Amino acid sequence: MDNPYLPYPVRIEEITIETEDRNIKSFRVVFLNPEDEERFSYRPGQFAELSVAGTGECPIGIASSPTESGYLLFTVNKAGLVTSQLHNMQEGDVMGVRGPLGNYYPLDEMEGKNVVLIGGGFAFTTLRSTLVYMLAPENRDRFEEISVVYGARDEGMLLYKSELAAWLLRSDIQLHITVDCSDDPFCQYHIGFVPGITEQKITSAENSVAIICGPPIMIKFTQPILEKVGFLPEDIIMSLENRMKCGIGMCGRCNVGADYVCKEGPILTLAKLNTLPKEY
Amino acid sequence: MIANTKRIRETAKRLLREDIVDAVLGFKQGTVPMMCQPVLVTRPEDVDVLHWDSFCGVNLANYLSKRKDRIAVVAKGCDARNIVVHTLENQIKRDQLFIMGVPCKGMVDPRKVRLALKEREPLEVTEDGDKIVVKGEGFETSLNKADLLQDNCAICIHRNPVIYDELMGEPVPEQEGIDRYADERKLEAMSADERSRHFQDLVATCIRCYACRDACPLCYCPTCFVDESRPQWLGKSIDPTDTLTFHLLRAFHCAGRCTDCGACERACPMDIKVRQFTKKLEKDVLELYDYEAGMTEETRPPLDVYQPDDPGDFIE
Amino acid sequence: MHMLKIEKKDFSDFLNRLKDSYRLYGPVRKDDIVDFVPIEGVSDIDLSFQNSRLSPKSLFLPQSERMFEYGLDCAGDDAHILKEASKDYSPRAVIGIRPCDAKALELVDANFDTPEFRDPWWVKARETTTLVGLGCTSPCSTCFCTTVGGGPFDDAGLDVLLTEINDAFLARVLTAKGEKLIKDANTFEPAEEELVQKATAIEQEAGGKIVSKVDTSRLAEIDTLALHGADFWEDVQFACINCGICTYLCPTCWCFDIQDETHGRVGCRMRNWDSCMFPLFTLHASGHNPRGQKIQRVRQRFMHKLKYYVDTYKMGVACVGCGRCVQHCPVNIDIRQVCRLMNEYRTEVS
């Protein structure tokens with residue numbers, strides 16, 4: 001019998017410090033056993049439990065896209081016991097990855113539509129996965145216009161800076177990057193909060209689906225803007241977080257109402273979320 | 001008991017009607033024999049739900065921590081002492097409270113009743129003076145209350161509340177000539193190995209439900225030491241060392257503050273006599289510092305303050 | 001299903017023979033408490049109990065269970081790589097489990113054995129264990145199994161069901177596993193019709209002895225959000241002290257925590273029972289706690305047992321009426337009362 005609690009062993013190949021305050025690092029990991037990579041077939045939006053023997057596990061969204069083969073990318077904020085231990089690890093260290101877990105962004109149902117991605121802070125990770133997937137040559141034509149609003153506290157806190165720079169140069173994506181504030185007089189980004197920039201740049205809900213991923217405060221103020229523009233609750237897609245342990249819907253702790261965030265989520269439409277008790 | 005109930009209801013009604021308090025914290029009759037449920041009454045028309053009998057063993061001071069409202073609380077001797085400890089420890093202000101003191105002749109231990117019934121299930125349990133009357137399928141029996149008291153009540157010498165705003169009954173005579181530490185002396189007489197084995201056996205069936213901790217008014221820490229993760233002080237499994245560590249450490253955290261209300265032992269679903277930990281420390285504090293918890297608002301607990309003449313010969 | 005019988009005087013013989021091919025578990029009394037433990041000497045088994053203090057769920061979901069082992073010494077090839085801890089899944093027989101607890105195991109199967117994932121330890125423990133149940137001739141006054149889909153002689157989840165009749169037991173063999181156990185023991189005889197009739201009478205009488213009842217008829221149809229926002233939770237939650245007694249004693253509670261414990265350079269990943277009643281249960285690393293208030297936690301437990309489980313699995317409530325929480329809650333929070341409040345809840349009709 002497959003053991004769903006057993007992680008695949010992986011090696012950390014590269015660690016990138018993403019943010020100026022050094023609290024967010026990206027880990028590129030490769031599977032020790034090539035057949036494990038085949039079994040780890042995932043889709044944008046899913047997460048994995050990163051396992052550090054002796055410390056525990058933490059659920060982290062997969063930042064790499066399935067179109068990027070040979071490795072997985074995780075961007076981890078240093079917050080608690082396991083993430084702190086991860087941040088202490090070196091390139092070459094062995095750890096474990098369990099997954100892919102959870103459901104995924106319904107990209108198949110978004111074919112032929114305009115896609116709006118809105119991300120804040122370090123919640124942009126699964127949106128990176130989605131964006132890389134959609135921009136891949138074999139996928140780009142399946143979607144219409146792609147608009148992205150991505151905001152962070154300041155330039156130092158933006159993730160994936162080199163990729164952002166490359167995407168800004170592309171014509172097949174409308175990328176709007178904003179920072180809450182900046183003391184750089186030559187700042188090339190918008191200055192303002194995500195809700196405000198969203199209001200400016202996202203002016204139509206025609207044939208569109210929006211994916212929104214970020215801290216609760218950002219969602220709280222961005223959601224009404226999308227609704228004002230005309231997005232229906234079924235077309236606003238969100239990614240939830242919760243304290244998790246098993247990640248497979250068995251330990252009973254990550255539920256919101258009758259749904260487990262690790263199994264019936266983390267991807268939920270606003271329509272679905274509105275039917276659940278507000279305990280998240 | 002009936003007189004107490006009547007007085008409690010009348011007082012509660014008056015306090016609520018005259019807006020002297022926002023709520024009354026008392027007991028209502030339980031849904032199973034020999035149990036009472038803590039209840040918060042906020043409307044004068046609801047006071048008839050309040051009840052008092054010899055099964056009100058829960059310590060209501062447990063519900064007072066960090067409350068912001070004006071609250072009346074029904075308090076036995078031990079509960080009242082815990083209220084004193086709460087005020088000393090800034091968990092609640094004295095002027096928020098209206099203490100309805102109940103002079104107490106001891107709470108009955110439901111376990112002792114069941115043992116006396118020898119497997120027959122009690123369906124209805126009532127009190128008649130100093131008797132406990134039990135009715136079950138095909139039987140009715142009358143037992144002596146004095147034989148069935150909780151262990152801590154049997155040796156209690158502070159049955160009258162030391163602090164109150166109104167008494168809900170006549171003061172009761174305090175017990176005299178009680179040997180409060182017979183069990184502890186037995187423990188002290190054991191060799192270190194015997195004692196170690198004794199305590200390990202004592203908590204062998206502990207399921208770490210933390211009911212003892214959660215029933216205790218003293219355990220109000222926002223994050224208990226067992227729940228800390230950075231650093232993690234003890235494991236969360238039922239490893240015997242971790243389990244014993246929990247009980248020992250909790251007892252030490254209660255040293256000099258514990259009033260021996262027995263709520264911990266009463267709550268334990270595995271019938272573990274957890275008072276053996278706290279009682280020994282209570283004896284030590286009495287002997288070393290001549291101090292009993294919660295007797296007066298004038299002195300702070302000895303482990304709270306430093307006096308130059310504190311006993312120090314146990315520190316080498 | 002065929003009916004067999006065994007005289008009580010031959011029961012020890014039956015158990016001893018079982019021991020040849022099964023690891024035996026049964027109820028053993030220590031002071032006032034009966035619990036299901038491994039049986040060394042068959043005379044330890046005490047069947048004169050109403051129910052065990054802890055439910056036998058610990059035989060399938062131990063309170064602390066090793067999952068994996070690891071070494072942290074970088075010298076080895078396997079450093080930091082988890083390996084499954086070895087377990088003994090040789091055949092087991094549990095004697096004397098009550099119908100409510102056996103039904104509970106089936107309710108918990110829905111959680112651990114799903115189309116997407118199967119918990120290997122729970123599933124293997126269930127597969128290799130044969131349950132010989134003992135029906136309840138004298139249910140407790142706090143038992144309410146009949147109104148939550150069970151009964152004192154209900155056979156759900158059991159492989160063999162025993163009915164006690166004076167000096168004998170009637171045995172109903174219910175499954176292939178049960179057949180095998182009876183064959184292995186080879187100590188039963190066919191039961192005569194008269195005995196079967198006596199047993200039926202006892203069983204019916206037992207059903208009538210259940211005095212405690214709940215009504216769950218409306219739970220499925222009431223709107224979740226309405227129930228969640230009901231005004232009665234404030235009163236229900238007041239007395240709760242957020243200990244873990246109800247969850248730990250409950251045969252249908254299954255929540256667990258996963259912890260790594262290291263000693264020196266080796267360690268194990270284990271799982272331990274956890275409780276939705278504990279404040280830590282849903283605490284995020286950021287400090288955010290979706291159920292940081294007691295009322296949220298108390299409400300969650302009852303909503304899960306009596307509403308979410310109903311909606312998700314369509315197998316009725318996640319409660320078998322064993323009455324343990326009712327008997328042992330230190331502040332007398334009574335699930336039967338809460339069930340009534342929930343079942344009778346109606347939003348204002350404007």
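# Exercises on a predicted model

A:Tyr160 sits in the loop between β8 (146-152) and α5 (161-168) of chain A. Helices (H or I, at least four residues) and strands (E, at least two) are DSSP runs, numbered from the N terminus. This is a predicted model, where local features need pLDDT of at least 70, side-chain atom pairs count only at pLDDT 80 or more, and totals for chains, interfaces and linings use all residues. Residues are numbered from 1 along each chain as its sequence is written, chains are lettered from A and ligands numbered from 1 in the order in which they are written, and side-chain values use heavy atoms, with hydrogens and water left out.

**Exercise 1. Describe the backbone and burial of A:Tyr160, then find a residue with positive phi in chain B.**

Step 1. Check the backbone. Phi of A:Tyr160 is near 50 degrees, a positive value in a residue other than glycine.

Step 2. Check the burial. Buried means under 20% relative accessible area, exposed over 50%, and partly exposed in between (1.4 Å probe, protein chains only). A:Tyr160 has a relative accessible area of 3%, so it is buried.

Step 3. Turn to chain B. B:Lys66 is not a glycine, yet its phi is positive, about 60 degrees. B:Lys66 lies in the loop between β2 (36-41) and β3 (71-75) of chain B.

**Exercise 2. Locate the cis peptide bonds at A:Pro266 and B:Pro231.**

Step 1. Take chain A. A cis bond joins A:Gly265 to A:Pro266, with omega about 5 degrees. A:Pro266 is in the loop between β14 (259-260) and β15 (267-269) of chain A.

Step 2. Take chain B. The bond from B:Arg230 to B:Pro231 is cis, and omega is near 0 degrees. B:Pro231 is in the loop between α7 (211-215) and α8 (240-253) of chain B.

**Exercise 3. Work through the salt bridges of A:Arg98, A:Arg253 and C:Lys83.**

Step 1. Fix the rule. A salt bridge is a side-chain nitrogen of Lys or Arg within 4 Å of a carboxyl oxygen of Asp or Glu. By this rule the count is 79 salt bridges over all chains.

Step 2. Start inside chain A. A:Arg98 pairs with A:Glu57, and their closest N and O atoms are 2.8 Å apart. This pair links distant parts of the chain: A:Arg98 is in strand β6 (residues 94-101) and A:Glu57 in strand β4 (residues 56-61), 41 residues apart. Both A:Arg98 and A:Glu57 are buried.

Step 3. Cross between chains. A:Arg253 forms a salt bridge with C:Asp274, with closest N and O atoms 2.8 Å apart. The pair runs from the loop between β12 (236-239) and β13 (255-256) of chain A to the loop between β12 (266-273) and α9 of chain C. A:Arg253 and C:Asp274 are buried.

Step 4. Move to chain C. C:Lys83 bridges to C:Asp78, with closest N and O atoms 3.8 Å apart. C:Lys83 is partly exposed because its relative accessibility is 38%. C:Asp78, at 41% relative accessibility, also counts as partly exposed.

Step 5. Look for a network. In chain B, salt bridges with shared partners join B:Arg180, B:Asp260, B:Glu265, B:Arg275, B:Lys279, B:Glu282 and B:Glu292.

**Exercise 4. Is C:Phe169 buried or exposed, and what does it contact?**

Step 1. Place C:Phe169. It belongs to strand β9 (residues 168-173) of chain C.

Step 2. Classify it. C:Phe169 has 3% relative accessibility, so it counts as buried.

Step 3. List contacts. Contact means heavy atoms within 4.5 Å. Leaving aside neighbours within four places in sequence, C:Phe169 contacts residues including C:Leu4, C:Ile6, C:Phe11, C:Leu47, C:Leu134 and C:Leu162.

Step 4. Add a distance. C:Phe169 and C:Lys180 are eleven residues apart along the chain, and their C-alpha atoms are separated by 18 Å.

**Exercise 5. Compare B:Pro301 and B:Ile315 for burial.**

Step 1. Place both. B:Pro301 lies in the segment after α10 of chain B. B:Ile315 lies in the segment after α10 (275-289) of chain B.

Step 2. Classify both. B:Pro301 is buried because its relative accessible area is 6%. B:Ile315 is exposed because its relative accessibility is 60%.

Step 3. Find the neighbours of B:Pro301. Not counting residues up to four places away in sequence, B:Pro301 touches B:Leu88, B:Gly256 and B:Tyr291.
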